[in-house]
Amino acid sequence: MGTRTVQAAAVFAITLLLTGCSTSGDARDKSTPSGTPAAAEKAEVTRACVDAIADRAAAHKGGAVRSHPVPAPCARLSDADYLDAYMKGLEQAHRAAKKTSQGAADKAADGGGS
């Protein structure tokens, strides 16, 4: 009789595991379509925040760019998302400044050789 109890418990445990897996998969499939607009909106807000931080960094040539006060486009982001956007904004501003200075150096080299 002890063997049947163990077998029944094993079947019960396997059934719970399989039911849990199929339920979580279905729940995830159902939330994906409704989650997509929220993800798209979050991406749009993040992009606007990155651009705002990049603009702020461009306005502070050579100076430290403070993370506070938070720009208006960033107000809806969580602290972690704001930090990511802040770093991306600084990187974007750095790339733009580097590209601009490289273009100026190329023009000076072309003008100096003529």
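Visitor: In which helix do Y82 and Y86 both lie?
Guide: This is a predicted model. Y82 and Y86 are four residues apart, about one turn of the helix. The helix that holds both is α2.

Visitor: Is the aromatic pair of Y82 and Y86 stacked, edge-to-face or tilted?
Guide: The structure holds one aromatic pair. Y82 and Y86 form it, with ring centres 6.2 Å apart and 45 degrees between the planes. Stacked needs under 30 degrees and edge-to-face over 60. The pair is therefore tilted.

Visitor: Are Y82 and Y86 buried or exposed?
Guide: Buried means under 20% relative accessible area. Y82 meets that term, and Y86 does too. Both tyrosines are buried.

Visitor: How many helices and strands does the protein chain have?
Guide: Helix α1 covers 2-59, and helix α2 covers 79-113. Strands number zero. The count is two helices and zero strands.

Visitor: Which residues form the disulfide?
Guide: The structure holds one disulfide. Its sulfur atoms are 1.9 Å apart, and the cut-off is 2.5 Å. The partners are C49 and C74.

Visitor: Where in the chain do C49 and C74 sit?
Guide: The pair links distant parts of the chain, 25 residues apart. C49 belongs to helix α1. C74 is in the loop between α1 and α2.

Visitor: What is the handedness of the link of C49 and C74?
Guide: Both cysteines are buried. The angle about their S-S bond is 100 degrees. The link is right-handed.

Visitor: Which element gives the largest share of the largest nonpolar core?
Guide: This core has 13 residues; among those touching the most other members are C49, C74, Y82 and Y86. Two elements give two or more residues to the core, α1 and α2. Six residues, the largest share, come from α1.

Visitor: Which residues does A85 touch, not counting those up to four places away in sequence?
Guide: A85 is one of the core residues that touch the most other members. Contact here means heavy atoms within 4.5 Å. The partners of A85 are T46, C49, V50, I53 and L77.

Visitor: What percentage of contacts between residues at least 6 apart join residues at least 24 apart?
Guide: The link of C49 and C74 spans 25 residues. Across the protein chain, the share of such contacts that join residues at least 24 apart is 60%.

Visitor: What share of the accessible surface belongs to carbon and sulfur atoms?
Guide: Buried residues make up 16% of the 114 residues. The accessible surface comes to about 8,700 Å². The carbon and sulfur share is 62%.

Notes
Residues are numbered from 1 along each chain as its sequence is written. This is a predicted model: local features need pLDDT of at least 70, side-chain atom pairs count only at pLDDT 80 or more; totals for chains, interfaces and linings use all residues. Side-chain values use heavy atoms; hydrogens and water are left out. A nonpolar core is a set of buried Ala, Val, Leu, Ile, Met, Phe, Trp, Tyr and Cys residues joined through side-chain atoms within 4.5 Å. Buried means under 20% relative accessible area, exposed over 50%, partly exposed in between (1.4 Å probe, protein chains only). Rings of Phe, Tyr and Trp (its six-membered ring) pair if their centres lie within 6.5 Å; planes under 30 degrees apart count as stacked, over 60 as edge-to-face and the rest as tilted. Accessible areas come from the Shrake-Rupley method with a 1.4 Å probe; for residues, only the protein chains shown count as cover.
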